[in-house]
Amino acid sequence: MLAIIGGSGMTQLSCLEITHRQIIRTPYGEPSGPLTFGKIKGREIVFLARHGHGHTIPPHAINYRANLWALNSLKPTHVVAVASVGGIRADLTPGKMVIPDQIIDYTYDRAFTYFDSTDHPVTHIDFTEPYCQITRKTLLEAARNANEVIIDNGVYAATQGPRLETAAEINRLERDGADMVGMTGMPETALARELGLNYAAIAIVANYAAGRGTNKNVVPLKEIYAVLDKAMFNVRNVLEHMVSCYVD
Ligand code: HPA
């Protein structure tokens with residue numbers, strides 16, 4: 001079963017024929033909302049809106065541990081996270097879709113690990129390649145089959161939010177090697193690895209990052225939602241094709 005985590009602009013998945021919803025409690029508390037089960041082209045899918053059904057949970061207040069724990073309890077074959085980002089690299093213009101291959105963590109004060117107990121031996125995870133390569137390739141194949149242009153590779157910078165960045169912060173992120181910036185990639189990506197989930201992300205460029213492109217002095221927030229609304233059509237198209245690209 002494919003699990004999809006929807007981000008800003010995707011609080012529901014309109015191509016999903018919903019069968020039922022389930023509230024799952026976890027040792028880490030409640031996920032962002034009930035899990036929505038359904039089918040896309042006859043294949044079973046589970047969907048979770050990261051920011052809650054009404055988009056009320058800000059990035060730093062999301063219970064990432066509960067979200068990933070709940071999805072992991074269903075043993076999904078792949079987890080695809082949809083996330084909006086600001087574009088830093090020149091070709092990452094609003095509306096583009098990217099499958100990131102690397103991530104840098106600038107977040108703080110978030111519950112970021114399952115391995116924080118002092119009762120067990122210290123556990124480390126390998127995170128050299130933070131995203132599942134098979135899930136990334138499956139997404140790229142789905143995009144090809146769907147005739148959608150999708151950019152392969154990019155470094156995602158995860159910032160704390162909920163405010164957007166200053167232009168100087170974006171310059172710093174670029175110097176660090178970041179191509180795009182978002183607020184939810186961490187600790188979600190690391191927690192997925194801790195659980196051994198096959199996790200990858202589709203990043204949707206919602207806006208030029210601060211100080212970039214047409215946003216030299218201000219990031220027009222109203223335009224972000226219009227861009228995301230439009231791009232969700234393309235994301236759904238990729239996801240609809242993804243279900244034919246793997247075996248459960
Ligand atoms: N910065 C951080 N997160 C974002 C942005 C941005 O410019 N756009 C969408 N999510």
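This is a conversation between a student and a tutor about a predicted model and the ligand it holds.

Student: How do you know that Ser84 makes a polar contact with the ligand?

Tutor: A polar contact needs a pair of N or O atoms within 3.5 Å. A backbone N or O atom of Ser84 lies 3.4 Å from a nitrogen atom of the ligand, so the pair meets that cut-off.

Student: What makes Glu165 and Asn207 count as polar contacts of the ligand?

Tutor: Here side chains are involved. A polar side-chain atom of Glu165 is 2.8 Å from a ligand nitrogen, and a polar side-chain atom of Asn207 is 2.6 Å from a ligand nitrogen. Both distances are within 3.5 Å, so both pairs qualify. As for cover, the ligand taken alone exposes 260 Å², and the protein buries 94% of that.

Student: Which residues surround the ligand?

Tutor: The ligand is surrounded by Ser84, Val85, Gly86, Leu164, Glu165, Val181, Gly182, Met183 and Asn207. Strand E5 (78-87) gives the most to this shell, with 3 residues. Strand E10 (180-182) is the other element that gives two or more.

Student: Why is Gly86 counted as polar in that shell?

Tutor: The classes are set by residue type, and Gly is placed among the polar ones, so Gly86 is counted there. By class, the shell has 4 nonpolar, 4 polar and 1 charged residues. Glu counts as charged, so Glu165 is the charged one.

Student: Where does the ligand sit?

Tutor: The ligand sits in the largest pocket. To be placed there, more than half of its atoms must lie within 2 Å of the pocket's grid points, so the ligand meets that condition. About 530 Å³ of space lies in this pocket. Of its 31 lining residues, the closest to the centre are Ser8, Ser84, Leu164, Met183 and Tyr225.

Student: What makes up the lining of the largest pocket?

Tutor: The elements giving two or more residues to the lining are E5, E10, strand E11 (199-208) and helix H5 (221-242). The largest share, 5 residues, comes from E5. By class, the lining has 18 nonpolar, 11 polar and 2 charged residues.

Student: Which peptide bond before Pro162 is cis, and where is Pro162?

Tutor: The cis bond joins Gly161 and Pro162, with omega about -5 degrees. Pro162 is in the loop between strand E9 (155-158) and helix H3 (167-176). Another cis bond runs from Met186 to Pro187, with omega near 10 degrees, and Pro187 is in helix H4 (residues 185-195).

Definitions and conventions. Residues numbered from 1 in each chain as written. Predicted model: local features only at pLDDT ≥ 70, side-chain atom pairs only at ≥ 80, totals over all residues. Heavy atoms only, no water. Near = heavy atom within 4 Å. Polar contact = N/O pair within 3.5 Å; in protein donor to acceptor, adjacent residues only side chain to side chain. Areas by Shrake-Rupley, 256 points an atom, 1.4 Å probe, with all protein chains shown as cover. 1 Å grid on protein atoms, 1.4 Å probe; cavity = no way out; pocket = protein on both sides within 12 Å on 5 of 7 lines; lining within 4 Å. Helix = DSSP H or I, 4+ residues; strand = E, 2+ residues; numbered from the N terminus. Points joined across faces, edges and corners; volume = space filled by probe spheres on them.
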